[in-house]
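Hi,

Here is the model I promised to pass on. Have a look at it first, and my notes follow below.

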Amino acid sequence: MTLWRHEWRLLTRQRLAVVSLLLLAVLSIAAVIAGLAEVHRQHQVIDRIQPQQQADEAAIARWVSVEGDAGNAAYYTAHATWDSPSAMAFAALGQRDVAPYVLRVRALGLEGQLQESESYNAELALPGRFDWAFVLTYLMPIFLIGLLHDSRSSEREAGRAQMLTVMARSPRWLWGRRVILRVGLAWLAVALPLAIGAIAAEAAPAQVAPFLLISLVYALIWTLLILLIARATRASVANAAMLSALWLVITLIVPTLALLAINDRHPVRQGVELTLAQREEVHAGWDRPKEDTMAAFVRLYPEWADLAEVESGFHWKWYYAFQHLGDVAVAPQVATYRQALLARDAETRLAGWVLPAVGVQYALHRLARTDLRAQLDYQDEIRRFHEQLRRYYYPYVFNERPFREADFANAPRWTDRPDN
Amino acid sequence: MNPVARVCRNDLISMARNRVAVVAILLTILLSIAAALTSIAHRDANADMRERFQAEADTRFDGQPARHPHRVVHYGHFVFRVPPPLAAFDPGVDAFTGNSIYLEGHRQNSANFGDVRQSSLLARFGTLTPAFVLQILAPLVLIFIGFGVVVREREAGTLRQAMAQGLRAPQLVSGKLLALLAAAALLGAPGAIALGWLVMTEGAPLLPALMLALAYAAYLAIWAALILFISARASTSRGALLLLLSIWAAFAILVPRVAPDLAFAAHPAPTRLETDIAIQRDLRQMGDSHNPDDPHFAAFRQSVLDRYGVERVEDLPVNYRGLLALEGERMSSLLFERYAEQLAAEQRRQSHFALMASALSPTIAMRDFSMRAAGTDLEAHRRFLAQAEAYRYTIVQQLNRLQAEVLTFDDDSRRNSDPDAARRVRIDTDNWQALPDFEYQAADPGAQLRSAAPAALWLAIWLGLAGVLVMAAIRSLRRSVA
């Protein structure tokens, strides 16, 4: 124990080491606060839109319910959906700034609506967010390099290494204690603010634990790398240069090369193609014989077989039938597009096994549910909600049942994902 | 030999003998070449693809069969933004902003399919482009090469020797600065060649390309001066390296990420959903077309009747439904424009706010200047959005005018009940072909550069500061040797 205390005293006398550890803690605290503020803002936006949405629906209900035409109700009402940030989203804000987390959909063809973008300031999104995941992945390794690159070479340069090795009961433990103390403190500087932030965000211990574990493993990986390189009898300054070059290569350069390779392997022009195709399908619906459209629709929704005949030039049931058939027709393209996106995501995970920075970012954003897959999950939730909406409107439209204020109130409501 | 040249030559020789420095420079140059090649290929592929999509969309639009004009309003049109030639040098926000918009009546859709939203979070690590190499990597490599440029000689004792032999501090510092600048020029050369290539073969505008080359030269010179200064002040080369690395991490990585958070907090912008709701609300207040007693539309109707001197809309020589469509579109598009301007103003305030962080990091100024001069900033995207909206308005109103002038009110009212009327309201394909095609007009180079002026000012301030640092380096050398 006295030896530990002695090591601690040595550390506190090194101004550079103390300042580095404090700075790392400050950065981690700042990142946690910034993350919590951003998540708070997102919650506020979601709360803020509720009364606005209600007023919008009420205004539509006022004029639609006079005639009670359900077709108008379904056509004009935009239903709000939202994707609340998970409890741990503050630690890894991820892609939530570039993809919408609030989106309104109407009971018309859906696939085009799902591709709507958020109107965010791209110039500010460009450098990436300042969050805890960033401090951990990019900054902690730099601090570890600063703290550890000279743990042995500085003693050698001071001419003490020989003496220390001879005097210590176990030379291995002498260096070991030094490294453990420094890495442990660096990890605490990063991890403690996160743990406190998680309490503030009311995250369950089981949700926080993986973050702490990942950060520890990441710290250990870097420690290992640094010790491996610092083992060679080189000057401290050469160690520092070598290690920061290594940091540059594995956290900045190789990931950009990996992005090029992965995006090249899985092109996603299907996105544009599927919206073009959906428009063609939906609009071809106007020109196709009405019986064909209704027959195709009834194959999917046999419960409307008895009411599928359209006599006049225009009927809402025919209109909503071909709107939906447009979605059905592009389903294969939607699946291909989705596959390509998932393939990009999967290969990023694979790259993560070789590139620690990528691996950590991937894992954290998956756990925080702020990644590409979380975006796709949100879209799937919207698809399910849209199906509910359509099924709610169909009986009114097909039976020509009047749609009144109460029917607006009873329409399906978006519910947040249960795990949020 | 001139003493400055001698110092410079000696430093260059020692750099050339330093295996790590040589490898670092060579790797960076290779990386720059790879960045330039992939970036040019990427831009060309994007431009090709978007042009092809545009051609396809035009063909489909022109090839529509005989239809009711309002059907065409809802069929809508797609427009695509082709990235400017300099996007191959600095793609700016191109990967973030959508590059295709679906245009239709009554609605203003967003630009969709930005690359970042379609990529894994790897996209947020940065993209390998000449601009990225010059902004982020080149300064770091310059640090590796140059951190010891003065302090190593101090450690070795040769500094005192040289000064004792009559070398004056300004000469020593100038020589070393020249050596660092030579290394910087080597690091920047592939980027400069890429710019030249884009001007000569891809039709990139000359003046912005030239300004980009100058700005990056200034940026690297700022780093060279900073490195020289730290190296001249440091007592150990390790201290110099660690300090420079921290400065780099703060300038290139940390401050650029913190600044946006502060800008968002200072100038919050509404979500698209809220804007959509607000537009619907304002539209209802201006005039509710669904309300038969609405004062705005009652007045509109009366003004039309008065203009033609008739009592009933049925007696008008034009189709009143078409006139209503024209009026409705005019109102909604007025609001689209108003809200787009509000959002643009808010986002401009955010960007200006974030640019103030240039006081803490020259990298922010450099990045801002670079994408504005390259025409890949948010302003360029907004120009695309505005032109797309203007185009949307033009074709929708032309179609509404066709509905008002070519169709009769009687036919239009009975088109759903009378098959003959339904046939008569369909007008010919050549009407669609007569509508103009979308041509995106890029900003002229002068406007691009004007919008880059604030960032240029920051760079100039940093360059001035660099001069001060060089003077300070000279002074501290004099003191340390004296």
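A:Arg369 sits in the loop between α16 and α17 (372–399) of chain A; helices (H or I, at least four residues) and strands (E, at least two) are DSSP runs, numbered from the N terminus. A:Arg369 is not a glycine, yet has a positive phi of about 50 degrees. With 23 C-beta neighbours inside 10 Å, A:Arg369 counts as buried. The cut-offs there are 20 or more other C-beta atoms within 10 Å of a residue's own for buried, 12 or fewer for exposed, and partly exposed in between, with C-beta atoms placed from the backbone.

Before you go further: this is a predicted model, where local features need pLDDT of at least 70 and side-chain atom pairs count only at pLDDT 80 or more, while totals for chains, interfaces and linings use all residues. Residues are numbered from 1 along each chain as its sequence is written, with chains lettered from A and ligands numbered from 1 in the order in which they are written.

Chain B has a positive phi outside glycine too: B:His106, near 65 degrees. B:His106 lies in the loop between β2 and β3 of chain B, and with 14 other C-beta atoms within 10 Å it is partly exposed.

That loop belongs to an open sheet of chain B, with three strands in the order β1-β2-β3 and antiparallel pairing (two strands pair if DSSP finds at least two bridges between them). β1 (77–80) and β3 (107–112) of chain B are the edge strands, each pairing on one side only. From one strand to the next, the twist averages 20 degrees. Four bridges hold the antiparallel pairing of β1(B) with β2 (residues 100–104) of chain B, and B:Phe80 has B:Ser100 in β2(B) as its bridge partner.

Two helices lie across these strands. Helix α2 (residues 19–62) of chain B crosses β1 and β2 of chain B at about 160 degrees to β1(B). Helix α14 (residues 378–406) of chain B lies across β1, β2 and β3 of chain B, at about 25 degrees to β2(B). For those angles, axes are lines fitted to C-alpha atoms, for helices over the stretch in contact, and values run from 0 to 180 degrees between N-to-C directions.

In chain A, strand β1 (residues 79–82) runs antiparallel to β2(A), joined by four bridges. A:His79 stands opposite A:Val105 in β2(A), and A:Trp82 has A:Val102 as its bridge partner there. A:His79 and A:Thr81 point one way from β1(A), A:Ala80 and A:Trp82 the other, and all are buried. In β2(A), A:Val102 and A:Arg104 point one way and A:Leu103 and A:Val105 the other way, again all buried.

Now the contact between the chains: 76 residues come from chain A and 76 residues from chain B (contact means C-beta atoms, placed from the backbone, within 7 Å). On the chain A side, α11(A) gives the most, with 17 residues. That side divides into 42 nonpolar, 23 polar and 11 charged residues; Ala, Val, Leu, Ile, Met, Phe, Trp, Tyr, Cys and Pro count as nonpolar, Asp, Glu, Lys and Arg as charged, and the others, Gly among them, as polar.

A:Ile262 is in helix α11 of chain A and counts as buried, with 21 C-beta neighbours inside 10 Å. Leaving aside neighbours within four places in sequence, A:Ile262 is in contact with A:Arg344, A:Glu347, A:Thr348 and B:Leu122. A:Ile262 and A:Ala343 are 81 residues apart in sequence but 8.6 Å apart in space, C-alpha to C-alpha.

Chain A divides into domain 1 (2–13 + 132–242) and domain 2 (31–126 + 266–409), with bounds from an automatic or database domain assignment. Their centres, taken over C-alpha atoms, are 47 Å apart. The contact between them takes 20 residues from domain 1 of chain A and 17 residues from domain 2 of chain A. The domain 1 side splits into 16 nonpolar, three polar and one charged.

Last, the cores. A nonpolar core is a set of buried Ala, Val, Leu, Ile, Met, Phe, Trp, Tyr and Cys residues joined through C-beta atoms within 7 Å. The largest has 182 residues, and A:Leu144 and B:Leu142 are among those with the most contacts inside it. Helix α8 (residues 206–233) of chain B supplies the largest share of this core, 18 residues. Domains 1 and 2 of chain A both give residues to this core, so it lies between them. Apart from it lies another core, of 31 residues, including A:Val64 and A:Phe398.

Cheers
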